[in-house]
Amino acid sequence: MESRIFDELRGIVGRRGLITSRGELHTYECDGLTNFRVLPRAVLLPDSTEQVQKIVRVCHRERIPFVARGSGTGLSGGALPVENGVVISLTRMKRILEVDFANARVVVEPGVINLDVTGRVAPQEYFYAPDPSSQSICSIGGNVAENSGGAHCLKYGFTTTHVLGLEVVLADGSLVHLGGKTLDAPGYDLMGVFVGSEGTLGIATKIILRVVKRPECARTLLAAFPSTNEAGAAVSDTIAAGMLPAAIEMMDNLAIQAAEAAVHANYPNCGALLLVELDGPVAEVAALMAHVDEICRKNGAWEIRIAQSDAERALVWKGRKAAFAAMGRISPNYIVQDGVIPRTELPNVMREIGRLSREAGLRVANVFHAGDGNLHPLVLFDRRIPGQEETAELLSSRILELCIAAGGSITGEHGVGEDKKKMMSKMYSEPDLETMQRVRCAFDPLQLSNPSKIFPTPRLCGEKPGEYVAHPLEAAGIAERF
Amino acid sequence: MDASVSAKTTANTFETDARAIVTAQYVRTAGTNDVVAGVQPGFVVEPGSEQELAKVLKLANAAGLAVIPRGGGTKLEWGNRPARADVILSTARLHRVIEHAWADLTVSVEAGCTIGKLQEALAKHGQRLALDALWPEHATVGGVLSTNDSGALRLRFGSLRDLVIGVTLALADGTLASSGGRVVKNVAGYDLPKLATGALGTLGVITRAFFRLHPLPQETRTISCAMKDTQEAQRLVLAIQNSKLAHSALQMRSGAEIRPRVDVLFEGTEAGLTAQMEQLKLMINAEPVAGYGRRVWSARQEICSADNNGAGEFAVAKFATLPALIAGTVDTIARLAAAELRWSVVAQATGIGWVRLEGKGQVVESVLRELRAELERDGGSLVIAHRPAGMAELDAWGNVGDALALMSAVKRRFDPGRTLNPGRFVGEI
């Protein structure tokens with residue numbers, strides 16, 4: 001990049017909004033997935049939509065690829081910089097612009113931290129439902145890019161359920177508004193496609209969120225089972241009984257040990273632990289909780305505790321939310337995997353994971369969002385032992401292949417990013433991927449916005465954007481366009 | 001060769017080739033029953049598989065023939081009049097429930113299956129697609145998705161965008177593409193099910209879909225309250241929304257001849273419902289609870305149906321406003337309709353509502369224009385679903401905002417020849 005471009009960018013964001021020194025750039029060389037690292041040419045810190053537009057226009061004119069970044073907590077390398085590209089960090093755009101309780105809408109900038117939305121509306125007893133484990137540091141902009149989930153999306157849905165409108169800077173610097181404060185805006189649901197597009201369709205600069213009234217009560221049941229099979233059967237029976245809990249989480253013995261070592265959540269030492277949270281009106285929750293309790297006992301739970309107070313609930317959740325980081329207590333290194341299976345495949349997939357784990361000679365701890373079949377196997381290894389990292393990576397991809405074979409997905413909430421793009425062609429056929437890339441070409445024909453992510457083989461967008469293709473009859477002079 | 005001869009040759013060739021794909025008995029000349037918003041198509045083709053459907057679509061696309069996808073045909077008049085209509089591509093023979101994975105709370109179903117048949121299959125295992133669509137006995141999965149139809153249950157369960165987890169689409173060039181899948185939670189690749197939902201078949205023909213399901217409720221209760229006026233109804237709606245009640249549906253009804261009513265639906269256990277009914281009664285300080293019954297939830301379908309009161313000319317439109325502006329919208333409708341039109345409205349607490357206007361086409365048109373202008377001023381919208389014969393052309397969709405160019409770009413990538421439903425969607429896409 002030439003110095004005149006740096007000068008122009010500095011003119012847009014000011015001296016303190018442009019990072020070019022090597023030392024500082026290292027902060028941005030990776031996201032939460034640290035085994036991919038690329039040093040960007042520059043990092044820009046805009047503090048307004050106008051600045052984002054100006055930066056992107058320069059990038060478009062000079063054909064410089066750009067990667068938007070929120071808090072950098074992503075686990076799939078989605079915010080990994082691209083060679084010779086710039087990173088546009090949205091952390092300065094962190095204003096909550098509007099809170100409208102009558103309509104349960106909140107308008108935020110992309111750098112706003114997930115938990116701060118709930119913080120802002122909590123006094124009126126509302127909350128922002130998507131709750132990824134990183135919610136105290138991850139940004140709403142990043143959540144939009146990844147369509148983040150969390151433990152409570154079983155009942156409340158994902159980020160896409162709670163985003164009603166977006167202001168987006170497209171890859172040519174133009175501004176569009178998708179969706180809005182009212183529902184069902186006429187036209188294609190481009191907002192629905194944008195959420196979860198991992199930064200490949202543009203940069204969201206303003207986000208209209210829906211917030212939800214807090215239920216009258218929430219109760220969390222903790223049940224200890226001999227193994228994941230019995231715990232899985234209890235999950236199936238709960239769903240079959242017609243209940244939709246707010247969350248159903250499962251941890252296997254290794255995950256329990258790690259959580260205990262890290263945060264002393266006082267979990268029973270058992271083969272599998274189930275957390276079931278029910279929320280809603282007191283009488284409803286009481287009736288259903290008795291039913292869940294009975295289902296757990298019937299399936300062999302030997303200890304059941306029900307957290308009544310918020311403090312007790314917080315303790316129960318503490319271990320679960322700390323589970324990933326807790327792996328550091330029992331293993332020098334670990335890979336966090338994110339696969340999805342139809343819930344009924346759980347016993348088969350668990351047995352296969354066990355077999356692969358023994359064959360590879362590596363331990364695998366399992367943490368699941370069991371209600372929706374989202375598995376987070378944690379492959380434990382020691383990088384200092386030659387070859388073990390490669391074995392761990394192989395094992396980790398084998399587990400994903402199991403998920404695909406079971407009719408599931410390679411990612412439930414962490415995204416494809418850089419990490420899983422090779423797996424995409426195992427899950428989707430070539431025409432499927434080609435069709436998705438038609439959307440990409442409509443939004444960003446030059447492929448400047450977070451290029452080389454998601455798709456295993458980027459497709460050239462062919463004809464110039466907006467080029468009109470004459471209809472065969474029209475070309476023959478038979479019909480006219482109305 | 002002059003143009004009409006050439007067009008005729010094209011049509012004849014298409015007919016022959018289509019017969020070769022689906023066999024002769026499933027290609028027929030279109031009749032007057034097949035008219036689409038006043039435009040007479042040439043053929044009706046009924047493929048027997050999604051592969052056949054894709055081949056026929058590709059054939060029509062190559063021949064430059066415009067294709068109108070059709071399911072049950074219940075909402076065929078939604079949208080603008082087609083610029084061209086040559087071939088009706090019917091999903092009537094794609095009517096199977098492919099797999100109800102009840103233990104996983106998911107189902108895969110072909111696009112031509114009616115909502116009624118689907119719900120019946122799901123009910124065998126105590127489950128449902130949590131959607132109260134219009135005319136479920138005839139409306140199909142593909143049609144309901146393409147028109148993004150939703151009813152009162154949306155408040156609790158979301159709309160189709162929240163329920164559909166996978167689709168297979170046949171594109172104009174014959175590509176069959178799937179995205180999403182059979183699991184509820186999935187962020188691999190772009191969310192094309194959402195793109196296809198509400199696209200009115202202009203990007204591709206939906207051939208099958210996966211949905212997430214919900215259990216059928218153990219018990220249900222409806223409370224219906226007569227209110228003094230719309231403002232009082234609005235206050236109750238917002239109070240319920242701001243309460244800790246776990247209601248499944250909440251709507252306001254009003255009309256030229258009826259006072260405003262607020263209906264609340266509860267679903268759950270016996271114990272839970274009894275407690276919630278008591279809480280709700282404490283919130284209602286107007287007239288006592290007026291009636292119970294499920295019939296109030298068919299108000300939307302009554303508003304949309306032609307045989308409502310044996311009425312003559314009428315228009316139906318869907319509006320979207322902010323939840324706190326529902327009463328204002330109803331008052332606007334009452335003011336605009338005044339003495340000249342009969343009107344009725346049902347509005348859900350989500351801010352989505354349906355209005356029916358009966359009377360002279362010209363008056364209906366001017367009321368719809370003014371209502372649209374007022375709604376759009378507050379960020380809302382008005383979409384016309386049915387228009388009386390005497391009404392002048394009025395765009396079905398209204399203002400689309402600054403994303404129209406982007407929407408057109410998406411259309412060009414999916415259907416560059418404008419084969420699918422040309423002219424029917426926003427901006428005459």
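**Exercise 1. Find how strand β3 of chain A pairs with β4(A), then place β4(A) among its neighbours.**

Step 1. Strand β3 (residues 66–69) of chain A pairs with β4(A) in the parallel sense, over four bridges. This is a predicted model.

Step 2. Look for a residue pair in this ladder. A:R69 stands opposite A:S89 in β4(A).

Step 3. Turn to strand β2 (residues 42–44) of chain A. Three bridges join β2 to β4(A), and the two run parallel. Here A:L44 has A:I88 as its bridge partner in β4(A).

Step 4. Check the faces of β4 (residues 86–89) of chain A. A:V86 and A:I88 lie on one side, A:V87 and A:S89 on the other, and all are buried. Both faces of the strand are therefore covered; buried here means 20 or more other C-beta atoms within 10 Å of a residue's own.

**Exercise 2. Give the strand order of the open five-stranded sheet in chain B, and name its edge strands.**

Step 1. The order is β5-β6-β10-β8-β9 (chain B), with antiparallel pairing.

Step 2. Pick out the strands that pair on one side only. These are β5 (97–101) and β9 (176–180) of chain B, the edge strands. From one strand to the next, the twist averages 10°.

Step 3. Take one pairing within the sheet. Strand β6 (residues 106–110) and strand β10 (residues 205–212) of chain B run antiparallel and are joined by five bridges. B:V109 faces B:A209 of β10(B) across this pairing.

Step 4. Add the helix. Helix α3 (residues 115–123) of chain B lies across β5 and β6 of chain B, at about 35° to β5(B).

**Exercise 3. Describe the contact between domain 1 and domain 2 of chain B.**

Step 1. Set the bounds. Chain B is divided into domain 1 (3–92 + 416–428), domain 2 (97–215) and domain 3 (219–386).

Step 2. The C-alpha centres of domain 1 and domain 2 of chain B are 23 Å apart. Their contact takes 23 residues from domain 1 and 24 residues from domain 2.

Step 3. Find the main contributor on the domain 1 side. Helix α2 (residues 50–63) of chain B gives the largest share, seven residues. That side divides into nine nonpolar, nine polar and five charged residues.

**Exercise 4. Work out what chain A brings to its contact with chain B.**

Step 1. Chain A gives 82 residues and chain B gives 80 residues.

Step 2. Several elements of chain A give two or more residues, among them β9 (175–179), α11 (282–298) and α17 (430–443). The largest share, nine residues, belongs to α17(A).

Step 3. Sort the chain A side by type: 41 nonpolar, 29 polar and 12 charged residues.

Key:
Residues numbered from 1 in each chain as written. Chains lettered and ligands numbered in written order. Predicted model: local features only at pLDDT ≥ 70, side-chain atom pairs only at ≥ 80, totals over all residues. Contact = placed C-beta atoms within 7 Å. Nonpolar A, V, L, I, M, F, W, Y, C, P; charged D, E, K, R; others polar. Domains from an automatic or database assignment. Pairing = 2+ DSSP bridges. Axes fitted to C-alpha atoms, helices over the stretch in contact; angles between N-to-C directions. Buried ≥ 20, exposed ≤ 12 C-beta atoms within 10 Å, placed from the backbone.
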